[in-house]
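Grab a coffee and work through these exercises with the model open beside you. Try each task before peeking at the solution.

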Amino acid sequence: MTFDEKNAWAFLVIAIAGYATYLAVLFGTAAGAPLTDVDYAPILLWTVGGAIVAGIVAGIVIGMASPKGADRRDQRDREVKAFGDRVGQAFVIIGAVAALLLALVRADWFWIANVVYLMFVLSAVVGSIATLVAYRKGLPAW
């Protein structure tokens, strides 16, 4: 398994775990109250920050576990990574459009922030899955 494939697995797990943690803390804090009444910003910032730190640590650990492969990428690795990034970026664009629409209808900031966060998570998850599928099955022949 290449360094980039291992990183894709780590990114997938971290994105899902981070978002699940966010939701668990958010719903636990709400305790039946409306979600828009929850002070969600610190929860969101801590879980995003934790996911970033976890991603950095995972990259370091993966690099230390197989130091020879950490700096070795061939053309296939670059193409697979670019493919996964392109697939994942679609969700960032969808999130930006959704946030814009929510702002236009004057939705509560809670919903705008959460749709952006959800789309970032979906971008990471779908992009990682696309990368892993491309490593296992090959790139699609367009």
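**Exercise 1. Find out which residues Ser 123 touches, leaving out those up to four places away in sequence, and decide whether Ser 123 is buried or exposed.**

Solution. Start with the contacts: heavy atoms within 4.5 Å count. Leaving out residues up to four places away in sequence, Ser 123 touches Gly 88, Gln 89, Phe 91 and Val 92. Keep in mind that you're looking at a predicted model.

Next, place the residue: Ser 123 belongs to helix α4. Now for burial. The cut-off for buried is under 20% relative accessible area. Ser 123 comes out at 12%, so it counts as buried.

**Exercise 2. Work out how the protein chain is built, overall.**

Solution. Count the elements: there are 4 helices and 0 strands. Reading along the sequence then gives the pattern α-α-α-α.

For the dimensions, go along the principal axes: the C-alpha atoms fill a box of roughly 50 × 35 × 20 Å. As for burial, 35% of the 142 residues are buried. Finally, take the contacts with a separation of 6 or more: 80% of them come from residues 24 or more positions apart.

**Exercise 3. Check the span of α1 against what you'd expect at 1.5 Å a residue.**

Solution. Helix α1 covers residues 3-30. Its 28 residues should span 40 Å at 1.5 Å a residue, and the end C-alpha atoms are indeed 40 Å apart, so the two agree. Step just past α1 and you meet Ala 31, with a positive phi of about 45°.

**Exercise 4. Describe how α1 packs with α4, and then with α2.**

Solution. Take α4 (residues 109-137) to begin with: its axis comes within 9 Å of the α1 axis, and the two cross at roughly 155°. Angles over 145 degrees count as roughly antiparallel, so that label fits α1 and α4. Their crossing is left-handed. Sorted by class, this contact has 18 nonpolar, 4 polar and 3 charged residues.

Now turn to α2 (residues 40-65). Here the axes are 9 Å apart and the angle is about 160°, so α1 and α2 are roughly antiparallel too. The crossing of α1 and α2 is right-handed. On the α1 side the contact residues include Phe 3, Ala 10, Ile 14, Gly 18 and Val 25, while α2 brings in, among them, Tyr 40, Leu 44, Ala 51, Gly 55 and Ile 62. By class, the contact of α1 with α2 divides into 13 nonpolar, 8 polar and 1 charged.

**Exercise 5. Take Val 25 and say how exposed it is, then how far its C-alpha atom is from that of Asp 108.**

Solution. Val 25 is in helix α1. Its relative accessible area is 38%, so Val 25 is partly exposed. For the distance, go to Asp 108, 83 residues apart from Val 25 along the chain: the two C-alpha atoms are separated by 20 Å.

**Exercise 6. Give the reach of α3, list its buried residues and say what they pack against.**

Solution. Helix α3 (residues 75-104) has 30 residues and reaches 43 Å from its first C-alpha to its last, close to the expected 44 Å. The buried ones are Asp 77, Val 80, Phe 83, Gly 84, Gly 88, Gly 95 and Ala 99. These buried residues pack against α1 and α4. To finish, look after α3: Arg 106 follows with a positive phi, near 60°.

Conventions:
Residues numbered from 1 in each chain as written. Predicted model: local features only at pLDDT ≥ 70, side-chain atom pairs only at ≥ 80, totals over all residues. Heavy atoms only, no water. Axes fitted to C-alpha atoms, helices over the stretch in contact; angles between N-to-C directions. Parallel < 35°, antiparallel > 145°, perpendicular 65-115°, else oblique. Left-handed = near helix turned anticlockwise from the far one by under 90°. Nonpolar A, V, L, I, M, F, W, Y, C, P; charged D, E, K, R; others polar. Expected span 1.5 Å × (residues − 1). Buried < 20%, exposed > 50% of the residue type's maximum accessible area, 1.4 Å probe, protein only.
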